[in-house]
Every structure is written in structure tokens, then in C-alpha cells.
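Colleague: Could you walk me through this model, starting with its surface and then going through its cysteines and charge pairs?

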Amino acid sequence: MFGIEAFSGERGREGSAVKDPTAVERANLLNMAKLSIKGLIESALSFGRTLDSDYPPLQQFFVVMEHCLKHGLKVRKSFLSYNKTIWGPLELVEKLYPEAEEIAASVRDLPGLKTPLGRARAWLRLALMQKKMADYLRCLIIQRDLLSEFYEYHALMMEEEGAVIVGLLVGLNVIDANLCVKGEDLDSQVGVIDFSVYLKSDDDIGGKERDVQIAAILDQKNYVEELNRQLNTVSSLHARVDSLEKSNTKLIEELAIAKNNIIKLQEENHQLRSENTLILMKTQHHLEATKVDVEAELQTYKHSRQGLDEMYSEARRQLREESQLRQDMENELVVQVSMKHEIELAMKLLEKDIHEKQDTLIGLRQQLDEVKAINMEMYQKLQVSEDAMKEKSEIISRLEDKTNQINAAMKQLEQRLQQAEKAQMEAEAEDEKLKQEYVNKSESLQKEFSQKEKQLLQLETDLKIEKEWRQTLEDDLQKEKETVSHLRIETQEIINLKKEFLKLQEKNKQLKRICEDQEAALQELASKLSESKLKIEDIKEANKALQGQVWLKDKEATHCKICEKEFSLSKRKHHCRNCGEIFCNACSDNELPLPSSPRPVRVCDSCHAMLIQRCSSNVP
């Protein structure tokens with residue numbers, strides 16, 4: 001694809017007839033990546049200083065990486081032409097790895113870049129300077145379903161060769177590069193691999209001493225790099241400490257404000273509760289009093305109405321009887337006018353009866369006056385409490401007795417009338433003898449008739465008075481109905497007050513929940529602040545310890561720092577990769593992975609204990 005098949009030699013040509021050409025391309029690209037990465041690391045270590053953009057092995061490395069990323073890339077159609085660029089998958093890293101957003105933003109802000117290929121080349125250079133190219137590409141390789149949108153299924157980034165290249169890129173973290181991206185013309189560069197760099201003679205192959213020197217230089221480089229990283233982390237942690245302290249002060253102020261708000265809300269809640277309890281107590285007392293008054297008034301009204309109905313029925317009955325009596329008396333007068341002379345003797349006998357009737361009528365008038373007085377007292381006692389009810393019941397019992405007496409008197413009158421009729425029958429036999437007595441008797445009957453008319457007038461006036469009294473009772477009933485309607489309105493208002501009280505209770509509960517959530521959040525922030533303070537103190541102690549650490553030379557150490565035993569041919573010297581001091585094998589027989597090296601390296605006992613304690617404290 002890129003002319004790499006020629007590099008694989010005759011063996012590659014023989015295998016291409018049998019193997020898949022894409023597999024051969026992937027293998028050749030993998031070999032080229034291995035050679036370029038190895039050559040770049042070796043030349044950078046021998047160069048001994050920071051690399052720039054003009055360094056040839058670095059340029060070759062970028063060309064090889066460009067070819068590896070272009071392998072199996074899908075062709076996308078646009079309006080004017082076909083588009084085939086590696087900027088699409090590299091731009092996807094921004095979404096998968098949040099720390100890559102800074103690189104993508106800086107690449108987009110570069111003024112000289114116009115093509116997507118130029119942006120991809122600038123992205124590779126910035127990732128190498130950050131020493132995170134392996135991390136970025138590892139995140140990209142893991143997401144196969146997202147890569148399938150940009151690459152074919154047989155592409156290098158979709159197969160195992162891509163994972164191998166990403167693992168090789170971890171070794172580039174040893175290299176320090178200072179590349180100027182703004183001044184370069186990355187859009188028009190031609191990516192051609194120079195194979196002459198990798199064709200070495202036997203004279204260029206170094207011996208074991210060179211490998212030992214390279215290993216020692218790598219160890220020192222890793223150690224210095226680890227110190228620089230720790231110092232950078234310390235400075236960043238100082239900045240974070242400052243920001244956390246500021247945020248802590250803000251949170252403390254917000255907490256004080258929230259507490260004040262909570263106290264105010266609690267006081268308002270307490271006041272509302274007390275007011276609601278007072279309102280409920282008042283409304284309950286008022287309702288109970290109104291209910292008692294209404295029940296008492298209804299009972300009194302029922303009793304009085306029953307008594308008045310009975311009295312009204314009795315009065316009507318009396319009126320009917322009196323009217324009948326009046327008609328009978330008129331008939332008798334018509335008969336008696338013609339029979340005046342016959343009735344004169346009989347009237348003498350009836351005078352005694354008339355006097356008795358007059359006495360009974362006087363008694364009836366007195367009784368009617370008493371009934372009137374009793375009715376007036378009952379009307380006045382309707383507005384009195386339960387004590388007046390008892391008196392009214394007694395008055396009603398008296399009225400019943402008096403009505404019974406009136407009924408008995410009426411029966412006596414009927415009996416006497418019958419006796420009078422008998423006397424008239426007897427008087428008819430003695431017509432001629434008793435004419436003068438009849439004349440006297442007719443006069444007395446006229447007087448009696450006039451008296452009865454007067455009694456009727458009095459009864460009519462009494463009926464009018466009773467009607468007026470009934471009208472006043474109906475007015476009182478109407479007033480009571482109005483009071484009942486007012487009471488219903490008040491009860492409705494009380495129900496509305498209860499609903500408002502329930503709403504206030506719900507609001508109070510919601511405010512309590514918000515306060516509890518705020519208190520929980522404040523507690524979590526306080527715990528996080530305490531943890532961050534502890535971590536900062538640990539980092540400060542580690543920084544103090546690291547500032548005094550130096551990579552000790554072999555000549556300067558004659559005894560082990562821990563056990564203080566002298567070094568000899570049997571007791572050899574060993575460097576601790578964390579602190580840089582020299583120890584014996586027994587005191588440095590520990591291995592732990594450090595940020596400077598992906599594989600486990602030798603660490604002394606004290607550093608081993610410190611690192612394990614730090615890891616255990618960081619674990620949640």
C-alpha cells in the first residue's frame with residue numbers, strides 16, 4: 001500500500017501469494033512502527049537533550065504513525081470530492097478522554113491549519129509533548145463500535161497490531177520534546193518513509209557496555225521524570241488547596257446563611273402552628289356554643305309551636321261551638337218572640353242558671369287573660385336559656401289543665417242547655433200562665449245574647465293577638481335560619497382554614513426536607529474537605545521528603561542506609577527507584593510500579609511501606 005512490501009524481502013513476497021494482503025500490510029506497518037519507536041528512543045537518549053521538530057528520527061516517527069492511522073480508513077464522499085483523513089477518529093478522542101479537550105481546542109484555534117490532515121499532524125505532536133499519546137490511542141482502540149464508522153474491518157486500528165503499537169508508544173514517555181506547531185506548514189507536508197535510516201551495518205551495533213549505559217541513563221531519566229511529575233502535582237495540588245479553601249469559606253458562609261434561614265423558617269413554622277392551634281380552638285368553641293344554642297332554640301321552638309297549635313285548634317273549636325250556639329240562640333229568639341208570653345214563667349226558673357253561666361263566663365274571661373299573660377311570658381322567655389324551657393313546660397302543663405277545665409265547663413253548659421230545653425218543653429205546656437215570665441225571660445236572653453257577642457269579639461281579638469304572636473315566631477324562625485346560614489359560612493371558612501393549614505404543613509415538610517438535604521450536602525463537603533486536607537498534608541510531607549532526594553552515585557555509598565552493613569562482593573549495591581538512595585539486597589527486595597515506569601521496579605523497605613500506606617489511604 002505504501003511501498004512497504006519491498007521492505008519485507010523475498011519471504012514477504014512468497015507469503016503474499018498465500019496470506020491476505022491486508023494482513024501483510026499490517027505486519028509491515030507494525031515492524032516499521034517498532035523500528036521507528038526503538039530508533040527514536042535510542043537516538044533521543046544518546047542525544048541527551050530536548051528534541052525539536054527538525055530531529056530526523058522524530059519526523060520519521062510521525063510519518064510512520066500517519067501511515068498506521070491511515071491504514072484501512074474509509075472513504076467519505078463530499079459535495080466536491082472524496083475525503084479520506086485521520087482527523088475524524090482523532091477528534092473522537094475528545095469525547096472519550098476529557099483531558100484531550102485541551103489539545104483538540106488548541107488545534108482548532110491554530111491559525112495556519114486549513115486541512116483536516118494538518119490538524120491531525122498537529123494533534124499527534126501535541127499529544128507527544130504531553131506524553132499521553134498512548135493513553136489517548138488506547139481509549140480510541142477500546143471503542144471498536146465507534147471506530148467502525150471510520151475504519152474498515154481489516155484496518156490496523158481494528159486488529160491486534162493496533163493494540164501492540166499502542167503498547168510500544170508507552171516507551172515514548174521517556175522522551176522530552178519541544179515542538180513548535182504554529183510555524184510549521186503541516187498541511188502540505190509529504191509523508192514518505194525513509195528506509196535508509198533503519199539499514200544499519202555491523203560497525204554501528206554497540207556492545208553490552210552501551211546497553212548498560214543506556215539502561216542506567218533510562219533509570220536516571222525515569223527517576224528525574226518522576227520527581228518532575230511529583231513537583232508538578234504538588235504545585236497543582238497547592239492551587240487546588242487554595243481553590244478548596246476559597247470554596248470552603250464560601251461554603252461556610254452559605255452554611256451560616258442556610259442555618260439562619262432554617263432558624264427563621266422554624267420560628268415562622270412555630271408561629272404558624274401556634275396561630276393555627278388558637279384558630280382551631282376558637283372555631284371549635286364557637287361551633288360547640290352555636291350548636292348548643294341552635295339545638296336549645298329548636299327544642300324551644302318545637303315545644304312552643306306544639307302548644308300554640310293545640311291552643312289554636314282549641315280556640316277554633318270554641319269558635320265553632322260559639323257560632324253554633326249563636327245560630328241556635330237566634331232560632332230560639334225567633335221562636336221565643338212568638339212565644340214571649342209562654343216563656344216568662346220558665347225564665348224565672350232559668351235566672352239561677354243564667355247567673356251560674358255568667359259566673360262561668362267570668363271565669364273563662366279570667367282564664368283567657370291568664371292565657372294571654374302566659375303567651376306573653378312565653379314570647380319573652382324564647383330568648384332565654386335552658387332554665388326558661390322548664391318554666392315554659394310548666395306553663396304548657398297549666399295551659400293543658402285550663403283547657404281541660406274549659407272543656408268541662410263547656411260540657412256543663414251543654415247539660416244546662418239540655419235542661420233549659422226540657423224547661424222550655426215544660427213551659428210550652430204552661431204557655432198561658434207564664435207569658436209575663438217569657439217577656440222577662442226574652443229580655444234576659446237578649447242581655448245574655450249581647451254578652452255572648454261581646455265574648456265573641458273578645459275571642460276574635462285574642463285570635464288576632466295569637467296570629468301576631470305566631471307571625472313574630474315565624475320572624476324569629478327566619479332570623480334563626482339566617483344565623484344557621486351564617487354558621488354554615490363560618491364552618492366553610494374553618495374548613496378552608498384547615499386546608500390552608502394542611503398546605504402550610506406540607507410546605508413546612510418540604511422546607512424541612514430541603515434543610516436536611518442541605519445539611520447532608522454540607523456534611524459531605526466537610527468530609528471531602530477533611531479528606532483533601534489530609535491528602536494535602538501527605539503530599540506536603542512527600543514533597544518535603546522529595547526535595548531532599550538525590551540519585552546517589554555508587555562511589556559515594558559504602559554502607560547500606562537501613563541496616564548499615566558494609567558493601568562487598570557478596571553484598572552488592574542496589575538503587576531505590578523512588579528515593580535514589582543505595583541499599584543492600586535484603587533492604588531493597590521489594591518491587592512496585594511507579595508513575596515513571598509501567599513495570600514494577602526495585603524499591604527500598606521504607607519507600608515500599610510509605611507507598612503502600614498512600615495507596616491504602618487513597619482507596620475509598
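Colleague: Happy to have it in front of us. Which residues gather in the patch of positive charge on the surface?

Modeller: Keep in mind that this is a predicted model. Lys512 can belong to a patch because its relative accessible area is 42%, and patch members need over 30% and no salt bridge. The residues that gather in the positive patch on the surface are Arg273, Lys509, Lys512 and Arg513.

Colleague: Which helix gives the most to the positive patch?

Modeller: Lys512 is a good place to begin, as its place is in helix α13. That helix covers residues 435-547 and contributes 3 residues, the most to the patch. The name you want is therefore helix α13.

Colleague: There is a nonpolar patch on the surface too; how much accessible area do its residues have together?

Modeller: One of its members, Ile514, has its place in helix α13. Ile514 counts as partly exposed because its relative accessibility is 44%, between the limits of 20% and 50%. Ile514 forms the patch with Leu265 and Leu511, and together their accessible area is about 210 Å².

Colleague: On to the cysteines. How many disulfides does the structure hold?

Modeller: Cys576 is a useful case, with the sulfur of Cys579 as its nearest cysteine sulfur at 3.6 Å. A disulfide needs the two sulfur atoms within 2.5 Å, so this pair does not qualify. For the structure, the number of disulfides is 0.

Colleague: And is Cys576 buried or exposed?

Modeller: Buried means under 20% relative accessible area. Cys515, at 13%, is buried by that limit. At 0% relative accessibility, Cys576 counts as buried.

Colleague: Let's turn to the charge pairs. How many salt bridges does the structure hold?

Modeller: Side chains of opposite charge can pair when their charged atoms come close. Here the cut-off is a side-chain nitrogen of Lys or Arg within 4 Å of a carboxyl oxygen of Asp or Glu. The number of salt bridges in the structure is 11.

Colleague: Take Glu161 and Arg26: how many residues apart in sequence are the parts that this pair ties together?

Modeller: The side chains of Glu161 and Arg26 meet in a salt bridge, at 3.6 Å from N to O. Glu161 lies in helix α9 (residues 160-169) and Arg26 in helix α2 (residues 21-47), so the parts tied together are 135 residues apart in sequence. Both Glu161 and Arg26 are buried. The separation you asked for is 135 residues.

Colleague: Which helices hold Arg108 and Glu91?

Modeller: Arg108 and Glu91 form a salt bridge, with their closest N and O atoms 3.1 Å apart. Arg108 counts as partly exposed at 37% relative accessibility, and Glu91 is partly exposed at 29%. The pair ties together parts 17 residues apart in sequence, because Arg108 lies in helix α5 and Glu91 in helix α4.

Colleague: What separates Glu448 and Lys452 in helix α13?

Modeller: The closest N and O atoms of their salt bridge are 3.8 Å apart. Glu448 is buried, with a relative accessible area of 6%, and Lys452 counts as buried at 15%. Glu448 and Lys452 are 4 residues apart in the helix, so what separates them is about one helical turn.

Colleague: Last one: which residues do salt bridges that share partners join into one network?

Modeller: Each link in such a network is a salt bridge, so it pairs a Lys or Arg with an Asp or Glu. The residues joined into one network through shared partners are Glu66, Lys70 and Arg121.

How values were computed. Residues are numbered from 1 along each chain as its sequence is written. This is a predicted model: local features need pLDDT of at least 70, side-chain atom pairs count only at pLDDT 80 or more; totals for chains, interfaces and linings use all residues. Side-chain values use heavy atoms; hydrogens and water are left out. Patches are made of residues with over 30% relative accessible area and no salt bridge: like charges are joined within 9 Å, nonpolar side chains (Val, Leu, Ile, Met, Phe, Trp, Tyr) within 5 Å. Accessible areas come from the Shrake-Rupley method with a 1.4 Å probe; for residues, only the protein chains shown count as cover. Lys and Arg count as positive and Asp and Glu as negative; His and the chain ends are not counted. The place of a charge is taken as NZ of Lys, CZ of Arg, CG of Asp or CD of Glu. Helices (H or I, at least four residues) and strands (E, at least two) are DSSP runs, numbered from the N terminus. Buried means under 20% relative accessible area, exposed over 50%, partly exposed in between (1.4 Å probe, protein chains only).
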